[in-house]
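Here is a short tour for you, with the strands as the starting point and the core as the destination. Have the viewer open and follow along.

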Amino acid sequence: MFTSNFVGILDFLFPKYCVNCKKLGSYLCSDCFSYISFSEQNTNSRYFSAIAYKGVVRKLIFQFKYKPYLSDLRSVLSDLFYESLIQQEKFMQILETNPILVSIPLHKSRLQKRGYNHAQILAEDLAKRFGLSYVDLLKRVKKTLSQYGLKKDERRKNVAGAFVFINDKQQVIRDRYVFLVDDILTTGATINEATLVLQKAGAKNVWGLALARD
Ligand SMILES: [Zn+2]
């Protein structure tokens with residue numbers, strides 16, 4: 001059992017510093033938390049996002065993706081994700097349809113290099129909190145360039161044909177509503193491409209869920 005004493009020892013051995021201002025105590029101090037802007041509701045959109053991709057949020061997501069702080073930042077980020085989504089009325093309405101959660105996959109080579117898929121981790125945490133199922137339904141078959149720095153049209157071309165549906169999972173998705181999870185939403189090119197694949201495989205409707213909106 002993890003007693004508070006044990007946690008205290010962990011904090012002593014691995015002290016936590018705020019990723020933004022380096023203050024000792026937690027990965028995100030209360031001052032820096034107050035700089036985070038939560039996303040506005042947009043009832044016509046095919047996407048839901050939690051927070052704006054700027055300032056302290058950029059730093060948090062960068063650390064989550066590239067540095068070995070996985071287990072602690074995971075709860076900070078999935079808390080933010082969850083808390084923002086439950087404020088959004090349209091999201092809560094779709095939740096009533098018992099949707100399944102799916103994540104945008106990484107290419108095998110990138111997954112090996114990084115060790116984990118951050119989008120999958122966020123999706124699994126959300127599934128747990130909402131009492132929904134998380135299922136791996138997509139495979140990334142094309143080694144795409146990073147979307148960073150590409151124009152809207154180039155982004156669409158870059159991810160065209162990047163995903164395939166995992167064939168034996170057809171029963172899982174037929175006539176289901178789906179939340180498709182990614183970390184950052186920019187033009188929506190990646191989520192749109194993966195949505196087409198899921199719809200072709202039989203999904204009734206698909207909405208994108210992004211932790212941060214660029
Ligand atoms: Zn701080």
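In this predicted model, strands β5 (residues 177-185) and β6 (residues 205-213) run parallel and are joined by eight bridges. One residue to keep an eye on along the way is Val 181, whose bridge partner in β6 is Leu 209.

**The sheet**
- Strands β5 and β6 belong to an open sheet of four strands, paired in parallel and ordered β1-β6-β5-β2.
- At the edges sit β1 (47-52) and β2 (100-103), each of which pairs on one side only.
- On average, neighbouring strands of this sheet are turned by 20° against each other, direction ignored.

**The helix on the sheet**
- Helix α7 (residues 118-130) packs on the sheet and touches β2, β5 and β6.
- The direction of α7 makes about 135° with that of β5.

**The nonpolar core**
- The largest nonpolar core has 49 residues, and Leu 180 and Val 181 have the most contacts inside it.
- At least two residues of this core come from each of β1, α3 (56-66), α4 (70-85), β2, α7, β5, α10 (189-200) and β6.
- Domain 1 (1-35) and domain 2 (38-213) both contribute residues, so the core lies between them.

**Around Val 181**
- Leaving aside residues up to four places away in sequence, Val 181 touches Leu 101, Val 102, Ser 103 and Ile 104, among others.
- Its other contacts counted this way are Ala 119, Leu 122, Ala 123, Leu 126 and Leu 209.
- Leu 209 is thus a good place to end the tour, being also the bridge partner of Val 181 in β6.

Notes: Residues are numbered from 1 along each chain as its sequence is written. This is a predicted model: local features need pLDDT of at least 70, side-chain atom pairs count only at pLDDT 80 or more; totals for chains, interfaces and linings use all residues. Two strands pair if DSSP finds at least two bridges between them. Axes are lines fitted to C-alpha atoms, for helices over the stretch in contact, and angles run from 0 to 180 degrees between N-to-C directions. Two residues are in contact if their C-beta atoms, placed from the backbone, lie within 7 Å. A nonpolar core is a set of buried Ala, Val, Leu, Ile, Met, Phe, Trp, Tyr and Cys residues joined through C-beta atoms within 7 Å. A residue is buried if 20 or more other C-beta atoms lie within 10 Å of its own, exposed if 12 or fewer, and partly exposed in between; C-beta atoms are placed from the backbone. Domain bounds come from an automatic or database domain assignment.
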